[in-house]
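Student: I'd like to learn how to read a sheet and a helix pair. Can you walk me through it?

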Amino acid sequence: MKHRLMTALIAGLITSTAHAGSAETGRMEGMLSVNGAQIHYVSVGQGTPMLLLHGYPLSGELFSRNRDALAAAGYRVITIDHRGYGQSVAPASAPGDLATYAADALGVMDQLNVPKAIIGGMSMGGPIAFEMWRTAPQRFTGLILINTLANPAGIVEQHIWKGMAQKASTFGPQSLAPELLKDMLTGMTRMNRPADAAFLTGIVKQASVAGDVAGATVLATRPDSIPTLKTITVPTLIIEGVEDTVYPPEFSMKMMQNIAGSKLVLIPGAAHAAIYEKADAANKAIIDWGRANSFR
């Protein structure tokens with residue numbers, strides 16, 4: 001753990017130095033010390049802040065096809081790696097839970113001097129965004145929910161996540177890729193665009209075992225956020241892949257029905273990682289929604 005923490009710290013310093021002269025592009029990247037962890041972030045653009053939270057067991061690179069397009073449309077797009085994922089590192093004593101992930105994201109906003117933002121969460125990022133709303137609704141200018149849901153995990157789903165945690169502990173983070181990629185991308189994409197599957201597999205392999213276990217526990221034990229939906233008062237966009245088998249469109253429809261004034265965009269030919277698999281369609285949905293709500 002000490003070696004990994006030192007490596008991450010050095011990488012953060014190198015990264016920050018490498019991008020120190022790129023102010024004209026609006027891109028910053030580095031490590032932030034947040035709540036005892038080292039959180040990796042990327043910020044692209046100089047407009048309306050938008051913080052995007054990845055799902056399990058991925059990293060901020062899930063949004064690699066969204067950052068530039070949204071920045072060009074007038075947003076400052078910030079992505080983070082949750083503690084234990086991507087390049088972020090957490091102490092062994094605090095691998096992460098729902099409240100910690102939410103506090104980390106708010107802490108990143110604080111350190112980047114972002115008082116308010118459009119906050120978006122994909123899959124596990126959804127429950128984190130709901131927790132942020134319950135904790136600090138004044139930090140939201142808008143909400144984007146991507147292939148996620150507000151329901152608590154049922155008995156079958158709880159055991160699926162417990163199995164993921166056990167497999168990661170026994171065989172390592174890389175062992176989760178075959179379990180997850182069949183749901184992240186449609187069969188057509190996996191066959192015709194193998195580089196997409198390889199990219200997401202690489203992200204899955206970056207996670208730590210502790211991160212995989214912590215995230216799986218969060219998903220298995222997440223609270224019922226259905227009551228939270230009715231309290232949401234900011235413009236809300238819901239993006240859903242039609243072929244998502246993890247959290248199918250019915251869950252997104254339920255969220256739309258419970259969030260006043262929310263908009264649901266269904267993306268054909270996309271599975272659970274619709275934001276990456278059909279990035280152009282997802283970007284258009286976000287940009288159109290933003291214009292309709294006068295964000296840009």
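Tutor: Happy to; keep in mind that this is a predicted model. Start with the sheet: strands in a sheet pair through backbone hydrogen bonds, in either a parallel or an antiparallel sense. Here eight strands form an open sheet with mixed pairing, in the order E1-E2-E4-E3-E5-E6-E7-E8.

Student: Which strands stand at the edges?

Tutor: Strand E1 (27-34) and strand E8 (263-267). Each has a single partner strand, so one side of each lacks a neighbour in the sheet. From one strand to the next, the twist averages 20 degrees.

Student: In which sense do E3 and E4 pair?

Tutor: Parallel: E3 (residues 48-53) and E4 (residues 75-80) are joined over six bridges. To find the register, look for Met50, which sits opposite Val77 in E4.

Student: What does helix H11 touch on the sheet?

Tutor: H11 (residues 249-258) packs against strand E6 (140-146), strand E7 (236-241) and E8. Its direction makes about 170 degrees with that of E7.

Student: And the helix pair: at what angle do H6 and H8 pack?

Tutor: H6 (residues 177-184) and H8 (residues 194-206) pack at about 135 degrees, and their axes are 10 Å apart. An angle over 145 would count as roughly antiparallel, so this pair is oblique instead. The crossing of H6 past H8 is right-handed.

Student: Which residues meet there?

Tutor: From H6, look at Ala177, Leu181 and Met184; from H8, they meet Ala197, Leu200, Thr201 and Val204. By class, the contact has six nonpolar residues, one polar and no charged.

Definitions and conventions
Residues are numbered from 1 along each chain as its sequence is written. This is a predicted model: local features need pLDDT of at least 70, side-chain atom pairs count only at pLDDT 80 or more; totals for chains, interfaces and linings use all residues. Side-chain values use heavy atoms; hydrogens and water are left out. Two strands pair if DSSP finds at least two bridges between them. Helices (H or I, at least four residues) and strands (E, at least two) are DSSP runs, numbered from the N terminus. Axes are lines fitted to C-alpha atoms, for helices over the stretch in contact, and angles run from 0 to 180 degrees between N-to-C directions. Contact means heavy atoms within 4.5 Å. Angles under 35 degrees count as roughly parallel, over 145 as roughly antiparallel, 65 to 115 as roughly perpendicular and the rest as oblique. A crossing is left-handed if the near helix is turned anticlockwise from the far one by less than a right angle, and right-handed if clockwise. Ala, Val, Leu, Ile, Met, Phe, Trp, Tyr, Cys and Pro count as nonpolar, Asp, Glu, Lys and Arg as charged, and the others, Gly among them, as polar.
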